[in-house]
Structures are given as structure tokens and as C-alpha cells.
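Got the viewer open? Let's walk through this structure one selection at a time.

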Amino acid sequence: MTQTDPATQLESTTLPGDINMWVMVLGDMVIFAGYFVIFMIYRSMNRQEFLHAQQHLNIAIGVTNTVILLTSSWVVALAVQAVRAGEFEKSTRLVLAGGVGGIAFMVLKGYEWASKIAAGHTNSETFYSFYYVITGVHLLHVLIGLIVLGVLVRELRNPAKRRPWMAETGATYWHMVDLLWVIIFALFYVMR
Amino acid sequence: MSVLTPEQVSPTATDGGKRDVWWMTWFFPAWYGVFGVIICLLTRVTPPPRPDVTAAGKVAFFAQHHLTIQIGFTVLLVLLGGAAMTNGLVAYQMKRMSVGSAFAYGYLGGMSVGAIPGFLLVTVCFLTAAFRPDRNPELTSLLYDLGMLSYNGSLGCFSVAYLVLAIAILYDRNEIFPKWFAYISIWQIVTEVIATQMFVFGSGPFAWNGSIAFWLAVVVFSVWLGALIVLLRRAAAAEPVDAPALD
Amino acid sequence: MDLQSRAITWVWGLLVLITIGTGWLAPAAHTNHLAQASAPITVLVLGLALIKSRLIIRYFMEVRRAPRWLRLTTDGWLAALFGAVLVSYLI
Amino acid sequence: MQVLEQAEELPAAGNLKAQWVSLWTGPVVGVVLLAAALAFPGFWPPMSPTWSAGQVAAFYADHTAWIRAGQVTFNLCGIMILPFFTVIVVQMKRMKGQSHVFAYCYLTALVSGATIFALSNIFFLVAAFRPERNPELVQLLNDLAWIVFIAPVGMVVSQFVLLALAIYFDDRTDPVFPRWVGHFSLIIAAAMVPAAAAAVFQTGPLAWDGIWSFWVRNGAYVAFVVVMFFVLRNTLRRQAIDEGVIAA
């Protein structure tokens, strides 16, 4: 989408959500970019080792988890639209559905970790040491995201506190969790 | 209620803020400046020496930096209280928030416990190692590991302090600190979580001198600390001179 | 469904489609032989990941309607990250 | 301190009684700690840093029981001096014309400082736990114990400086503490600072058994506690009279 898109020109530009949250999100994106680049540097030093380790990942779980997070993100994006339209009942249900997606992601991730450890892929392999730390930090972000969505549900249920910027702020964080996972998926699971 | 006599109002009082709070607010960056010189230039613990060297290599490290370690850490032993004073200032500002004292006391507790493994132990271990250069190399190696792991790997005390700070800022209605500072305090917790790995890895990105466990974390900490210095000044300036003293 | 929601839904469909498509390219998807490094596949995968990331930023995070500085910052981040990843892969 | 009957139920009375009790824990704990110091053979005279590992191990083997007795008492009772110092915190928070930021910094330094002392007892006690251990290890534990005991003066020095600052910022017309307490506090701080060098020198006045690092440093600290006991007693009496808890 470019700036000449008519849809963008019709509407005035507004910052979605709270500037404070954007500071957090942009900073977090920079920190994760650091992790990714360091991972790539180590990968370029041991290409074969990393490639073979990658082959032991469970791609079915990887794809499923990516689809789960994308869907969860989509649902939360729809929830923001619903808040703007004043449909608070609907948006609450959508945010809750998004949270369920987050929980499903964590459960699957836990299963994936457990089966990898059971198969002997511990952090003594460089690839897996990155895998556990990066996905672990991402999992921590999912957990924080669930708390954020929980706060959002509380606010949406309280008629005095239903503010669109609040929904946008929470959604912005949740989409960042999704965004970072999409990149983790590409770098850890798919690239060769 | 405070009764201000004219002589107690400082000439800078027009900028707002209380004189004693301003003193501590200026002390904060000054102390961290001295601390930075000590750890980076004199005692060489930041950036950290390598974990993956032999006992002989560690003895050589202490021999090479013998004098500067002794000078730097002896000075730090005298200035150690500065850590408590800077943390006390943050706790003071937290007490001014609308959320009451619980979080401020949590910060105060976490940080004052953290000062012992975080600062004192490395100081004592390195000075003890430098105290007798002829000590059995295995024991010098033990002191080296003990010092570095406690210095870089004191995780929980600081994490809880960052956590209560973040929650306090998010709930606060007095706008003592901006909300974004709460979020970047959460980054700090994330880096502490990653630092757990340094107890597992003797080399590589997650070792105590690793690119992720150390370098990225130190950049994040520097950003956090720099922001805190600016925000403490802003908070001090925004405090009304005639505000009642804290209970 | 309003215009915005419809656009978001289309984007979601596209993202899921790309994900399933790229999953098929993964080394772990072919366990009967040892995986071979492949620059074309990697470049393709990184390109698709870049598109996915930008779709999420632009549509889900609604950056396409955000102020200019934010659009430039997020695009700059994408360019820097994917540039660095690609360079470190190709070198 | 005889609380007036009509003031018995006032919150101010409860506050003052708590401070009064905390104040009196000072001399009581002080006597116990003095006894522990007298019992600890390593202080009479202080063990020399120049001893070889064998000499250190032999010392622990010869005096195991009294070393344990002295250090266990330090371990158990050392931290009990804390309530005495919290009275100082409470009084700092009564000072007018300031924000009490010094009081909170003082409290933070107090908590950290108390922990350091506890750490040194543990090292002494571990060394005495198995005197038959490899002498090099006993010597290492002994070095750590002494260095942690004598050298980390920073936390207490900052307490003295903060107390002095708070006193200088206090209301001139009705100060909580007399102004000389601030000067006195700074002098004590200055007397203790050189002891940090005990982590470097093995001989001379700055070594951990030296005149300055051992006798002047510890003497200054004891002097502060003794003097502050009387200062605090006066201050509490004045507070009680001001708040109508006891008769003038």
C-alpha cells in the first residue's frame, strides 16, 4: 500500500493507539531485530549445522502456530473496528477469541518444546540454544499480550471506560507479537 | 506541613522542585558516571572478561589489571552507598505516585537486596583475588567466576524492582513518569530473563560476555538509565516547592 | 462487513495462504533426504516474510493511516532488518 | 518515659512507645555484640593478613569453639541493631522544610548495609565449620570474611552523609537533632572511609588488623551508636512532650 492510495488520502492520518505503546513496540522491534541479526551471524558461521538442526523442527506445528497467531491478530483487528462502530459486545467476544488463540499458541509451543527436549535437541546445539531463547522470549511477549488483552476485556465491559484508543493500544501490542513470530517462523523454520 | 522560611528556598526554586530532591537528582548521574569509569576503565568488569579462559588465563587477567582493580574497587567500596541513594531517589518519586507506597517499598526492597550480589560480591571477590596474587590458580579462578556470575547474573532482585516500577507507572494518575517508561522497564525484565542463560553457557551469544546476554542487554540498560536520568530531572522540576513532605 | 474489516479479512487470507505455501519449502518438510542450502529458496522465503510483515504492520497495526514518521520508521526497520539478514546470509 | 494517662490511647503514644522500645534495643544488643566481640579470638589481637594458609587453618583448628560462639552471636544478633537505626529514619521523616528524600535513601542504604555484615559472619562460620579443610580454602574463606567485615564501608558512610545532609536541611528554629550531630556524623564517616583500603594492604595501619582499619573504624562506629543513643533519647523525650504524651 502506498501513500497515493485514495483510501489513505480520504482519511486524515491518526496514530493508532497510544504514543507510549508505540515507544514500547518500536523499541521491542529494534531489540528483536538485534536478536535476529545475531542469530543470522551465528548461522552464517555454521550453515550446515544450522540447516540440519532446522530439519528436526516440526514444520506442521510451526505452520499451525503461525496460522493461529495470524488468525488471533485478525480477530483482534476486527475487534478494534467493532469498538469504533460502538459494538462493544461483539468486540469483547472478538478480543476473548484472540486471547484463546494466544493460549492455544502457548500450549502448542509448550508441546513442541517438550517433544524437542525429549528427542534430545537440548540447548547444547547452537541452533537450539537460539531456538529456545528466542522463542522463549517471544513466549514471554505472548504472555504479556494475554495480560494486555485481559485488561482490554475488562475495560470494554465497563461502560465508563470504553475508549477506542485503548483498544487500538492493546491491539498494536498484540499485532507486534504476531509480526515478530512471522519473522521467527521465516528465519528458524523455513529459510535454508 | 512544611513551613518554608525564605532562606530555605533555593535561588533555582523558580524552576520548581525541592532543593534536597534536586541534590539527589544531580547526584544520580554523577554517581553513575563515576561507577561507569570504575567498571569500564579501572576494574575491567564491563565489558566483561572472557568466561572461556583457563585458570592460568584468569590469574593473568588479575596480574595485568592488578593495580587498577585495587584502585577502582576500593573507591567503589567507599561509594557503594551511592547505589542505595540513587535507588532511594527512585523510590521517593514512586511514593509520590497516586498508587500509594506498596510499589515504592517493593522497589526499595528489591534494589537494596540486589546491591549485595549485584555490586558488592564482585567487588569483594576481585579484591580478594588481587589480595594474594600467589593464591592457588584454581581458587583465583573460583573468585573470578563467582564475581562475574553474581555481577552479571543477579536477576530476580532487579526484575522485581523493574516490575513494580512498571506497574506503578501504569496505574499512576499523578504523571510522575510517562507511561512509555513503564513499557521500557519491561524490556529490562526481558533482558534479565535472557541473562539466565549465562549460567549455562561458557561461551557464545548467551555467555556472560555474549552478544545477546551481555551486549544487547547493556545497550537496553543504557537506554533505560539515560531515560531515567532525564525523567528524574523532569519529575523533580514538576514537584511543587510547597508540596507537603512525604509521610 | 464494512470496508475496513473486509480489507483486514482479505489480508488475513493472504497471510495464511503465504504461510502454508512457505511451510512447504521448509527443510523440515522434506525429511527423506538431507536438506540442501538454497539461496533462491531463502531469498524467496525472506521476500515473502517481508511482504507478510509489511501487511501486518500496514493493515493490522493500521500504520497505513498513521502519521508519516511512523510509516517511515516501520519501513526503515523492515528495510534494515531484512537487509541485514539477507547480507549476513549471502556473505 | 511515663506516658500520661489521658494520652495512653492516642496514636502518638503508640508511635512513641514503639520508638522508645526500638531505641532501647540499641544498648541491649550492643552489650550482646560486645560480649561476642570479646569472645571472638580473632579480634584479640586481630588476625594478621600476613599469616600463611597453614597458620590460618591452625588458628581455626585451635580456637574452633570460640570462633563459632562469637560469630554465631554476631550472626544472630548483629541484625538486631537495625531497629535502633530505624528510629533515626523515623526522626528524619519528622524533619521540616525538606521532602524526606534523604530518609528514603537512608533506609535503602540501611537495608543493604545490614546484609553485608550478615555475609561476613557466614564466611567466618563456614571456615570454622571444617577447620580440617584444605588450608588454602580456609584461608580463602578467612580473606573473604575479613574483607567483607572491614572494607565495604560505603553503605554506612552514605548513611552518615545522608543523616548530615538531612540535619543541615532541617528547620533552624526547631530542629529534630542539634546541628552538631550533622558535623559529628560527617567526622565518623571520614574516620571510616580509609578502612576500604583493608582490601588492598596486608600490613600497616590500613591492613584489616591495622590501627586505622580495625580500631579507628570500629571504634568510630561504636562511638556513633553510643552518642546517637543519648541524642535520640533527648529527641524522643522532646517529641513526647510536644505531642502531649508525657509531662514536661
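A salt bridge, as the word is used here, is a side-chain nitrogen of Lys or Arg within 4 Å of a carboxyl oxygen of Asp or Glu. Keep that in mind for the first stop, and remember throughout that you are looking at a predicted model.

**Stop 1: one charged pair**

Select Glu62(C) and Arg84(A) and show their side chains. Glu62(C) forms a salt bridge with Arg84(A), and the closest N and O atoms are 2.5 Å apart. Why does this pair join two chains? Glu62(C) sits in the loop between α2 and α3 of chain C, while Arg84(A) belongs to helix α4 of chain A, so the bridge runs from one chain to the other. Side chains of opposite charge can pair when their charged atoms come close. Over all chains, the structure holds 15 salt bridges. How many of them cross the interface of chain C and chain A? Just the one: the rule finds one salt bridge there.

**Stop 2: the rest of the A and C contact**

Now colour chain A and chain C separately and zoom out a little. Three pairs of chains touch, and the pair with the most contacts is A and C. Chain C brings 59 residues to the contact and chain A brings 53 residues. The size of an interface is often given as the accessible area lost when the parts come together. For chain C and chain A that comes to about 5,000 Å², with 70% of it on carbon and sulfur atoms. Which three residues of chain C should you pick out here? Try Met61(C), Arg65(C) and Trp77(C), which supply 14% of the area that chain C buries against chain A, more than any other three residues.

There is polar pairing here as well: 13 residue pairs are in polar contact between chain C and chain A, counting pairs with both at pLDDT 80 or more. To see where the chain C side comes from, select α1 (3-23), α2 (39-60) and α3 (68-90) of chain C, each of which supplies at least two residues of the side that touches chain A. Sort that side of chain C by residue class and you get 34 nonpolar, 16 polar and nine charged residues.

**Stop 3: an enclosed space**

Rolling a probe the size of a water molecule over the atoms shows where empty space is left. In the whole structure, a search finds five cavities of 30 Å³ or more. Let's visit the second largest, which has a volume of about 70 Å³. To find it, select Ala171(A), His175(A), Phe60(C), Met61(C) and Glu62(C), the closest to its centre of the 13 residues that line it. You've met two of these already: Glu62(C) from the salt bridge and Met61(C) from the buried area.

Next, highlight α4 (59-84) and α7 (164-190) of chain A along with α2 of chain C; each supplies at least two residues of the lining of this cavity. Which helix gives the most to the lining? That is α7(A), with four residues. By class, the lining has eight nonpolar, three polar and two charged residues.

**Stop 4: over to chain B**

Show chain A and chain B together. Here the contact takes 19 residues from each of chain A and chain B. The two chains bury about 1,800 Å² between them, 81% of it on carbon and sulfur atoms. How many salt bridges cross this interface? The rule finds zero, and it finds one residue pair in polar contact, both at pLDDT 80 or more. On chain A, select α2 (19-45) and α6 (126-157): each supplies at least two residues of the side that touches chain B. The largest share, eleven residues, comes from α2(A). Split by class, that side of chain A has twelve nonpolar, six polar and one charged residues.

**Stop 5: whole chains**

Finish with a cartoon view. Chain A has seven helices and zero strands, and its C-alpha atoms fill a box of roughly 55 × 35 × 25 Å along the principal axes. Chain B has nine helices and zero strands, in a box of roughly 65 × 35 × 25 Å taken the same way.

Last, look for the gaps. No contact joins chain B and chain C, whose closest C-alpha atoms lie 16 Å apart. Chain A and chain D do not touch either, with their nearest C-alpha atoms 28 Å apart.

How values were computed
Residues numbered from 1 in each chain as written. Chains lettered and ligands numbered in written order. Heavy atoms only, no water. Contact = heavy atoms within 4.5 Å. Buried area = accessible area lost by both parts, 1.4 Å probe. Polar contact = N/O pair within 3.5 Å; in protein donor to acceptor, adjacent residues only side chain to side chain. Nonpolar A, V, L, I, M, F, W, Y, C, P; charged D, E, K, R; others polar. 1 Å grid on protein atoms, 1.4 Å probe; cavity = no way out; pocket = protein on both sides within 12 Å on 5 of 7 lines; lining within 4 Å. Points joined across faces, edges and corners; volume = space filled by probe spheres on them.
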